[in-house]
Amino acid sequence: MTVSQAAQKDTHTQTQDALLHAIETGAFPARVMASAEALLTRLQTTTRVTLLGHPGTGKSAIVNLLAGENLIPDGIRLCSVQLIWGAREKVTVTLRDGSALTSDGAPNWTHLAEQSPVFIKLEAPLAALKKISLLEVVTSGKSEEQARACKWAAKQTDIALWCTNSFDEDEQSQWHVMPDRIKDHAVLLRANAETLGDHRAQAIDALRSRAADGFAHVIAVSTLEADAARAAAGGVDKMRL
């Protein structure tokens with residue numbers, strides 16, 4: 001590997017490579033080898049990020065921001081969608097009868113929606129998806145359905161983002177069913193914060209009050225500004241943040 005190639009590797013990858021080399025060459029004492037191997041496994045494992053919340057709270061926009069590309073379209077009613085890394089684009093659709101259909105290439109979202117699927121898995125060769133997988137959980141927003149979705153998502157989540165406009169009592173009761181291990185790594189997120197105008201600070205203070213100790217963080221994201229800050233090559237224009 002040339003110096004220029006090594007410089008292009010991100011810190012995460014360099015750490016993995018260094019740790020793997022140390023393990024393979026026996027650089028660690030025997031007493032810490034198991035811990036080193038466990039750490040390497042964790043670094044090589046994709047972090048599972050799940051977005052929850054009622055319809056119309058900006059979940060799809062946040063998914064697109066995290067993925068680094070506008071994969072989920074606006075204006076099309078979809079089911080729950082999972083994004084994972086793949087060497088090429090591939091879509092797997094699960095239908096109501098339990099059957100699954102797989103196709104290569106970019107998804108035709110309109111056609112997919114017409115099939116009334118219950119779950120869509122999209123593989124895409126995006127750098128962000130090598131580090132995180134993204135799951136957008138879509139429900140009608142009804143209490144019982146949302147509570148079931150929370151319990152299901154908790155089994156396959158490392159970090160949870162609950163997208164909200166107000167985090168009202170109904171949402172609070174739905175979030176209450178989540179286990180503490182999820183709450184300890186959860187974020188209450190107000191997307192489209194640009195719509196709050198001069199009331200942004202007060203709105204976020206109100207969310208913090210309602211969140212109590214159910215989330216590790218409460219944040220607001222100006223979705224349009226964040227999207228505009230994305231550079232064409234997948235980076236971020238820091239001057240626009």
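Which residues of helix α4 (residues 59-67) are buried? In this predicted model, the buried positions of α4 are Lys59, Ile62, Val63, Asn64, Leu65 and Ala67. These buried residues pack against β1 (47-52), β2 (80-85), β6 (132-136), β7 (159-163) and β8 (186-190), and also against the helix α10 (223-229). The helix α4 is followed by Gly68, for which phi is positive, near 85 degrees.

The sheet against which α4 rests is open and built from nine strands, arranged in the order β4-β3-β5-β2-β6-β1-β7-β8-β9 with mixed pairing. The edges are occupied by β4 (100-104) and β9 (217-220), each of which has a single partner strand, so that one side of each is left without a neighbour in the sheet. On average, and with direction ignored, neighbouring strands of this sheet are turned by 20 degrees against each other. Within the sheet, β1 and β7 pair in the parallel sense over four bridges, and Leu52 stands opposite Trp162 in β7. Helix α4 packs on the sheet through β1, β2, β6, β7 and β8, its direction making about 170 degrees with that of β6. Helix α9 likewise packs on the sheet, where it touches β8 and β9, and its direction makes about 155 degrees with that of β9.

The largest nonpolar core comprises 30 residues, and those with the most contacts inside it are Ile62, Leu83, Trp109, Ile120, Leu134 and Leu189. Helix α4 gives the most to this core, contributing four residues. When residues up to four places away in sequence are not counted, Leu83 touches Val63, Ala67, Leu71, Ile72, Leu122, Leu129, Ser133 and Leu134; of these contacts, Val63 and Ala67 are also among the buried residues of α4. A second core, separate from the largest one, has 21 residues, including Val137, Met178, Phe215 and Val218.

Charged side chains form four salt bridges in the model, among them one between Arg48 and Asp158, whose closest N and O atoms are 3.1 Å apart. This pair links distant parts of the chain, with Arg48 in strand β1 and Asp158 in the loop between α6 (143-154) and β7, 110 residues apart. Arg48 counts as partly exposed at 31% relative accessibility, and Asp158 is likewise partly exposed, with a relative accessible area of 23%.

Another of the salt bridges joins the side chains of Lys90 and Glu123, at 3.7 Å from N to O. Here too distant parts of the chain are linked, since Lys90 belongs to strand β3 (residues 90-94) and Glu123 to strand β5 (residues 119-124), 33 residues apart. Lys90 counts as partly exposed at 24% relative accessibility, whereas Glu123, at 16%, counts as buried because the limit for burial is set at under 20% relative accessible area.

A further salt bridge is formed by the side chains of Asp205 and Arg208, at 3.5 Å from N to O. Both residues lie in helix α9 (residues 200-211), three residues apart, or about one turn of the helix. An α-helix has 3.6 residues a turn, so residues three or four places apart point the same way. Asp205 is partly exposed, with a relative accessible area of 48%, and Arg208 is also partly exposed, with a relative accessible area of 44%.

Technical notes. Residues are numbered from 1 along each chain as its sequence is written. This is a predicted model: local features need pLDDT of at least 70, side-chain atom pairs count only at pLDDT 80 or more; totals for chains, interfaces and linings use all residues. Side-chain values use heavy atoms; hydrogens and water are left out. Buried means under 20% relative accessible area, exposed over 50%, partly exposed in between (1.4 Å probe, protein chains only). Helices (H or I, at least four residues) and strands (E, at least two) are DSSP runs, numbered from the N terminus. Contact means heavy atoms within 4.5 Å. Two strands pair if DSSP finds at least two bridges between them. Axes are lines fitted to C-alpha atoms, for helices over the stretch in contact, and angles run from 0 to 180 degrees between N-to-C directions. A nonpolar core is a set of buried Ala, Val, Leu, Ile, Met, Phe, Trp, Tyr and Cys residues joined through side-chain atoms within 4.5 Å.
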